[in-house]
Amino acid sequence: MNQKRTVAVITGASAGIGEELARVFARHGHRLLLIARRQQRLVALADELEPGGPRPLVLPLDLSEPDAAARISDYLAAENLEPDTIVNNAGYGLLGHASTLDRAEQLRMIDLNCRTLTDLSLSFIEPLARHRGGILNVASVAGFLPGPGMAVYYATKAFVLSFSEALHHELAPQGIRVTALCPGPVPTEFQARAGIHDEHIPRALTVAPARVAEEAYRGLLAGRRVVAPGLFTKFVTQVPRFMPRGALIAATGARQSARRRSVSPAPKVTANPSPKPNS
Ligand SMILES: NC(=O)c1ccc[n+]([C@@H]2O[C@H](COP(=O)([O-])OP(=O)(O)OC[C@H]3O[C@@H](n4cnc5c(N)ncnc54)[C@H](OP(=O)(O)O)[C@@H]3O)[C@@H](O)[C@H]2O)c1
């Protein structure tokens, strides 16, 4: 029988944490399938990584579409590949009250952050078990608390954390490692996408995406259930143990309100600018 080659599938590899995860996995000799919507970014990353090993494959795809996991599965079959690692990293958040933010955009966030992540986590159990592989699901410290001011985002990350921890337990007997990565603040495109601008977070509280990726890789290999990179992040994951839930919700809500106040008003865009007078 024709032996299939193995691959690490990394979603959201065109920027931020996902791009760094791709670099770490490539450094450790994995063949990669890089997925996101911005094809040029993925191709540029594949160009960068190719000299160190097999050229990463690139699949431009909107992962919020309901058939995203099926399309990845079809692509892998056509390329005679099967995953030994799934990295569900693609995701975004939105700053603002859930009742005032665009509803469709929030539902798409659930499709991406939760639905496709779940589908991809469950689609390849057999090859993952055969290769004693792993699933790295990117949650967040946000998964440990309710988050007024980013309610849907925090809820999606609570889902990812809960689901991944349970899956860690369920799949251990089959030799599949499952790790929930829970970063705190990481300077990436995430903040701008969420509508968070001009925010000053002390450098001591942020962790660089390259370090997040390195700790995540090591944690996955070590079979850790949860990885929270950085001291501050570890502290935040413990706060719910000693702070009353009501106070915690109020504190998170106050932080998101402060973020909203720091947002400078967007410049006015005129749909049909009046033509310049001829000089
Ligand atoms: N940065 C933080 O402070 C932080 C903290 C905790 C957790 N996280 C989590 O870390 C993960 C990565 O975030 P990041 O900080 O690296 O953000 P980022 O720089 O904005 O990167 C997000 C990645 O997700 C991809 N993506 C977004 N929507 C997509 C879609 N519909 N289909 C396919 N790909 C999509 C983007 O690619 P395209 O736009 O090219 O599609 C990009 O590659 C997310 O799950 C986020 O929730 C981030």
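Which residue is the bridge partner of I35 in β3? In this predicted model, that partner is L59. The pair belongs to the contact between strand β2 (residues 32–36) and β3, where 4 bridges join the two strands in parallel.

**The sheet**

Let's walk through the rest of the sheet from there. The chain as a whole has 10 helices and 7 strands. The 7 strands make up an open sheet, ordered β3-β2-β1-β4-β5-β6-β7, with parallel pairing. At the edges sit β3 (57–60) and β7 (226–227), each of which pairs on one side only.

Here are four of the strand pairings, with their bridge counts.

| Strand pair | Direction | Bridges |
|---|---|---|
| β2 and β3 | parallel | 4 bridges |
| β1 and β4 | parallel | 6 bridges |
| β4 and β5 | parallel | 4 bridges |
| β5 and β6 | parallel | 5 bridges |

To find these pairings on the structure, pick out a residue pair for each. For strand β1 (residues 5–11) and β4, look at V9, which stands opposite I86 in β4. For β4 and β5, take T85, whose bridge partner in β5 is G134. For strand β5 (residues 134–138) and β6, go to V138, which faces L181 in β6.

How much of β4 is covered? Strand β4 spans residues 81–88, and 7 of its 8 residues are buried, so "mostly covered" is a fair description. Strand β6 (residues 177–181) has 5 of its 5 residues buried, so the rest of the structure largely encloses it. Its side chains split into two sets: R177, T179 and L181 point one way, V178 and A180 point the other way, and all are buried. Note that R177 and T179 are among those buried residues.

**The core and the overall fold**

Which residues have the most contacts inside the largest nonpolar core? That core has 66 residues, and the list of best-connected ones reads V9, I10, A22, L32, L34, I35 and A216. Helix α6 (residues 151–171) supplies the largest share of this core, 9 residues. Two residues from the sheet tour turn up again in that list: V9 and I35.

I10 is a good place to zoom in. Leaving out residues up to four places away in sequence, I10 touches G18, L21, A22, F25, L32, L34, I35, V87 and N89. Among those partners, A22, L32, L34 and I35 are also on the list of best-connected core residues.

Stepping back, 41% of the 279 residues in the chain count as buried. Of the contacts with a separation of 6 or more, 72% are between residues 24 or more positions apart. The C-alpha atoms fill a box of roughly 70 × 65 × 35 Å along the principal axes. Does the radius of gyration agree or disagree with a compact globule? It agrees, because a compact globule of 279 residues would come out near 19 Å and the chain has 20 Å.

**Around the ligand**

There are 28 residues around the ligand, and G12, G16, R37, R38 and G91 come nearest. By type, the shell divides into 13 nonpolar, 10 polar and 5 charged residues. Both α1 (16–27) and α7 (190–194) supply at least two residues of this shell. The top contributor is α1, with 3 residues.

**Out on the surface**

Where is E170, and is it buried or exposed? E170 lies in helix α6, and it counts as exposed because it has 12 C-beta neighbours inside 10 Å. Its C-alpha atom is 22 Å from that of S73, a residue 97 places away along the chain.

Two loop residues have unusual-looking backbone angles worth checking on the screen.

- N80 is in the loop between α3 (68–78) and β4. Its phi is positive, about 60 degrees, although N80 is not a glycine. N80 is exposed, because 10 other C-beta atoms lie within 10 Å.
- R132 is in the loop between α5 (125–130) and β5. Here phi is near 45 degrees, again a positive value in a residue other than glycine. R132 is exposed, because 11 other C-beta atoms lie within 10 Å.

Methods. Residues are numbered from 1 along each chain as its sequence is written. This is a predicted model: local features need pLDDT of at least 70, side-chain atom pairs count only at pLDDT 80 or more; totals for chains, interfaces and linings use all residues. A residue is near a molecule or strand if its C-beta atom, placed from the backbone, lies within 6 Å of it. Ala, Val, Leu, Ile, Met, Phe, Trp, Tyr, Cys and Pro count as nonpolar, Asp, Glu, Lys and Arg as charged, and the others, Gly among them, as polar. A nonpolar core is a set of buried Ala, Val, Leu, Ile, Met, Phe, Trp, Tyr and Cys residues joined through C-beta atoms within 7 Å. A residue is buried if 20 or more other C-beta atoms lie within 10 Å of its own, exposed if 12 or fewer, and partly exposed in between; C-beta atoms are placed from the backbone. Two residues are in contact if their C-beta atoms, placed from the backbone, lie within 7 Å. The radius of gyration is taken over C-alpha atoms; the globule rule is 2.2 Å times the number of residues to the power 0.38. Two strands pair if DSSP finds at least two bridges between them.
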